[in-house]
Amino acid sequence: MTPRTSTRKQNKWPIRKAPLAVISFFLLLWLAGNATGEPARVLEQAIRVCLSCIGIG
Amino acid sequence: METVRKWVQLFMGFLMNGSWSFPFTRSIYQGPLKVICAPGLNCYSCPAATTYCPMGSIQQLLSGLRFALENSQFYFGLSVVGAIGVLGGLFGRMICGWACPFGFIQELLYKIPSKKFRIPRILSYGKFMFLIMFVIVLPLVVVDDFGAGQPWYCKFVCPAGTLEAGIPMLLMQPNLRATVGLLFFNKFVIMITFLGWSVFSSRPFCRTACPLGAFYALFSKVRLIKLHLDEAKCTNCKACHLVCPMEVKFNESPDDYECISCLACMNKACKFDAITLEIGGIPLETPGKRLPSPSKIA
């Protein structure tokens, strides 16, 4: 039994877990931001012409 | 693969700039899609923009943070940082190579026949300075008498904003032309400098001054999708150095923060199958390439 298990383990690609942790962390940040109602504020800003953003105002 | 990438860039450009009613409305798109974060640098004051620019939004939120906190609104930019953080964790700077409209424009300009010049590596640190100072610190710290900051990067630097929003808006709204002054002239010169530089050097803005590229660069070692070097197969022929648009020496630095995963090294240069695209450690099999053995990857 033991050799078979180790062979199976050798054939598996080593999965990198760090990206999943990073993505989960930022997903939580995104959810926290959404919970505070931030997207409404972002939308409010994004639908107006930002004169200073385009170098006019 | 290069053709596929060009089509993806074009498609993403249209996706982020898909509102074509502006010749009639003479204003920007104001629909609900603007709550979606653009993966690349794409000014949300562009008349055709359907999404918001993450860098612009962060600056706006930080510059108004004092007002927000006074009203018990905790707008620290978490949703924006979260959105680009998820994208960074998935793709990193692959977004620069595949989904950024301004990167695409620079690539097209680089195709103009001319003498080409390298960009000194030290200039690549400039984008981190812009991210830290112009996007975060200055909008937050430098405030007027009323406690309001300014979007420093958008206002004083961003050439994408000038090209995609400033010029079109001036063309569409004649009443804005009276407000053009030194500020616009400064941004116009910066835009012309970067566009002109793009003819002679590959992606100069992405490499020296893009704060979004700097943010995605932070994920170079931990992003889910990235290129992998099989050191056992690499012969150190340095062919990958010659084709990289970001001048990355891939075999010496496989997780380089400048790598935009355009796949040129994998498809155009490496004849020894030493470079593979992997997702979370699992290599993808691309046509004409054999996968390395798992032990080599480990």
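**Figure 1. Ser124(B) sits in a loop of chain B, between α7 (101-110) and α8 (126-141).** The view comes from a predicted model. Ser124(B) has a relative accessible area of 3%. That value is under 20%, so Ser124(B) counts as buried. Beyond its neighbours within four places in sequence, Ser124(B) contacts three residues of chain B: Arg207(B), Tyr257(B) and Glu258(B).

**Figure 2. Helix α7(B) has a set of buried residues.** They are Pro101(B), Phe102(B), Gly103(B), Phe104(B), Gln106(B) and Glu107(B). Two phenylalanines are among them, Phe102(B) and Phe104(B). So are Gln106(B) and Glu107(B). These buried residues pack against other helices of chain B. The partners are α1 (2-16), α6 (94-98), α10, α11 and α12.

**Figure 3. Met191(B) lies in helix α11 of chain B.** The relative accessibility of Met191(B) is 3%, so the residue counts as buried. What surrounds Met191(B), apart from its neighbours within four places in sequence? The contacts are Pro159(B), Thr162(B), Leu163(B) and Ile167(B). Val157(B) gives a distance marker for this view. Met191(B) and Val157(B) are 34 residues apart in sequence. Their C-alpha atoms are 8.4 Å apart in space.

**Figure 4. Arg203(B) has a positive phi, near 50°.** Arg203(B) is a residue other than glycine. Most residues other than glycine have a negative phi. Arg203(B) lies in the loop between α11 and α12 (204-208) of chain B. Is Arg203(B) buried or exposed? Its relative accessible area is 0%, so Arg203(B) is buried.

**Figure 5. Asn236(B) also has a positive phi, about 60°.** Asn236(B) is not a glycine either. The residue is placed in the loop between β1 (225-229) and α14 (239-243) of chain B. Its relative accessible area is 44%, so Asn236(B) is partly exposed.

**Figure 6. Chain B and chain A meet in an interface that buries about 3,800 Å² between them.** Carbon and sulfur atoms account for 72% of that buried area. The contact takes 60 residues from chain B and 39 residues from chain A. Eleven residue pairs are in polar contact between the two chains, both partners at pLDDT 80 or more. Several elements of chain B each supply at least two residues of the side that touches chain A. They are α3 (54-63), α5 (78-91), α9 (152-156), α10 (159-172), α11 (182-200), β3 (282-283) and α16 (294-297). Which element of chain B gives the largest share of this side? The answer is α5(B), with ten residues.

**Figure 7. One salt bridge is found across the interface of chain B and chain A.** Its partners are Glu278(B) and Arg16(A). Their side chains meet at 2.8 Å, N to O. That distance lies within the 4 Å cut-off, so the pair counts as a salt bridge.

**Figure 8. Pro39(A) lies in helix α3 (residues 38-46) of chain A.** At a relative accessible area of 21%, Pro39(A) is partly exposed. The limit for a buried residue is under 20%, which means that Pro39(A) does not count as buried. Which residues does Pro39(A) touch, not counting those up to four places away in sequence? In chain A they are Gly33(A) and Asn34(A). In chain B they are Val35(B) and Ser79(B). Ser52(A) is 13 residues from Pro39(A) along the chain. The C-alpha atoms of Pro39(A) and Ser52(A) are separated by 21 Å.

**Figure 9. Four residues of chain A form a nonpolar patch on the surface: Leu27(A), Leu28(A), Trp30(A) and Leu31(A).** Together they have about 380 Å² of accessible area. Leu31(A) is placed in helix α2 (residues 18-35) of chain A. Its relative accessibility is 44%, so Leu31(A) counts as partly exposed. Patch members need over 30% relative accessible area, and therefore Leu31(A) passes that cut-off.

**Figure 10. Chain A contains three helices and zero strands.** From the N terminus on, its elements run α-α-α. Of its 57 residues, 30% count as buried. The accessible surface of chain A comes to about 3,700 Å². Carbon and sulfur atoms hold 67% of that surface.

Note on methods: Residues numbered from 1 in each chain as written. Chains lettered and ligands numbered in written order. Predicted model: local features only at pLDDT ≥ 70, side-chain atom pairs only at ≥ 80, totals over all residues. Heavy atoms only, no water. Patch = residues over 30% accessible without salt bridge, like charges linked within 9 Å, V, L, I, M, F, W, Y side chains within 5 Å. Areas by Shrake-Rupley, 256 points an atom, 1.4 Å probe, with all protein chains shown as cover. Helix = DSSP H or I, 4+ residues; strand = E, 2+ residues; numbered from the N terminus. Buried < 20%, exposed > 50% of the residue type's maximum accessible area, 1.4 Å probe, protein only. Contact = heavy atoms within 4.5 Å. Buried area = accessible area lost by both parts, 1.4 Å probe. Polar contact = N/O pair within 3.5 Å; in protein donor to acceptor, adjacent residues only side chain to side chain.
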